[in-house]
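Please open the model in your viewer and keep the selection tool at hand. The tour below goes from one selection to the next and says what is found at each stop.

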Amino acid sequence: FFFQAEDGIRDNTRMLTPTEKIWFNGRFIPWEEARIHVLSHVVSYGSSIFEGIRCYATPSGPAIFRLREHIRRMVDSSKIYRMELPYSIDQLAEAMVELVRVNKLQSCYIRPIVLRGYGEMGVHPGANPIDIYVACWEWGKYLGEEALAEGVDVCISSWARLAPNTLPALAKAGGNYLNSQLIRMEANLNGYAEGIGLDEAGFVSEGSGENIFVVRDGKIHTPPLGASVLPGITRDTVIRLAGDLGIPLVETLIPREMLYIADEVFFTGTAAEISPVRSVDRIVVGAGRRGPITERLQKEFFGVIDGLKPDRYGWLTPVPAGQPAMAEK
Ligand code: PMP
């Protein structure tokens, strides 16, 4: 076996709970029928792009967080990889709202996947179709419930992030996650919750599935987009919220050792939300628990997504109750 029992990866929170429908190329199909042929281009060559979006239960019903921004990033990813999408942002947004509605979910994770399908073989994608699937299911906290309050122990990975002229980090492509898998498996095997990748030059880049923020002397630092990071939607959210709260924030190159001497470190991501880091390479960060700036940002963030604070940026797309508008074909 390549994994040890204590690597923490065999927890049931990761098990998929099937829902009724998956959206496929403009129609809803049963969950079980969302299958691809093993010789689809994507399987051999990793030609997929995807998104991860959360829908939250708010007092006025389910609402999808920053839906259009996620779809825009998906459109960007598809442009980078020359995968032309036959749907507009509006059509995709409508499809995702309808998907949550037909599956009758209050809160869930939404996973659109665009892939090069079946037909021809060879590295050049050729005439293989571009297929779009969108699934959703119920999903809990990514790094665990208590991680949001207590913080997680992380390490610097021995694997570097994608170098700029190898794989484009701004695209959320399936292939990028081979790098993420190496980082995450190594971290978990060594007893850490997550690993942080450095960029090609050795500066802090990001976690295997999260952007990273470092606080020192009341100022927040986060790596710039040029440091091989995914342009995270939660990253952007935190940048805006910090501005609103009057907390200074800079996008700047961060040397590794800055993590060791930081007052606070936290991750952001759709799955991880805002998760404090309490140690890096076994060096305690600040007081070894969630710091005050992390907590203020969490309060602001969860206030908006729980519908308890005003949605002043229009970040929430409501999922209306009632019969689906789009016919189920
Ligand atoms: N970096 C990587 C590598 C990720 O996979 C994610 C999760 N999508 C993030 C950062 C955070 O991005 P977002 O806030 O848009 O979820």
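Select residues 292-305, which form helix α8: its 14 residues reach 20 Å from the first C-alpha to the last, close to the 20 Å expected at 1.5 Å a residue. That expected span is 1.5 Å times one less than the number of residues, and helices here are DSSP runs of H or I with at least four residues, strands being runs of E with at least two, both numbered from the N terminus. This is a predicted model, in which local features need pLDDT of at least 70 and side-chain atom pairs count only at pLDDT 80 or more, while totals for chains, interfaces and linings use all residues. Residues are numbered from 1 along each chain as its sequence is written, and side-chain values use heavy atoms, with hydrogens and water left out.

Colour α8 by burial next: the helix is mostly covered, with ten of its 14 residues buried, where buried means under 20% relative accessible area, exposed over 50% and partly exposed in between, with a 1.4 Å probe and protein chains only. Among the buried residues are I293, L297, F301, F302 and I305. Beyond the helix, stop at G307, which follows α8 and has a positive phi, near 80°.

Now show the aromatic side chains. Rings of Phe, Tyr and Trp (its six-membered ring) pair if their centres lie within 6.5 Å, and planes under 30 degrees apart count as stacked, over 60 as edge-to-face and the rest as tilted. By this rule there are twelve aromatic pairs. Y56 and F65 make an edge-to-face pair, 6.5 Å centre to centre with 85° between the planes; Y56 is buried at 9% relative accessibility, and F65 is buried at 6%. Within α8, the ring centres of F301 and F302 are 5.3 Å apart and their planes lie at 70°, so this pair is edge-to-face. F301 is buried at 3% relative accessibility and F302 at 17%.

Extend the selection to Y313 and W315, which ring pairs link with Y56, F65, F301 and F302 into a cluster. Add R240, whose charged end sits over the ring of Y313, 4.8 Å from its centre; the criterion is NZ of Lys or CZ of Arg within 6 Å of the ring centre and within 35 degrees of the ring normal.

Finally, turn to the nonpolar cores, sets of buried Ala, Val, Leu, Ile, Met, Phe, Trp, Tyr and Cys residues joined through side-chain atoms within 4.5 Å. The largest has 28 residues, and W23, I64, L67, M96, V100 and I110 have the most contacts inside it. Its largest share, eight residues, comes from α3. Another core, of 21 residues, lies apart from it and includes V215, F266, I293 and I305.
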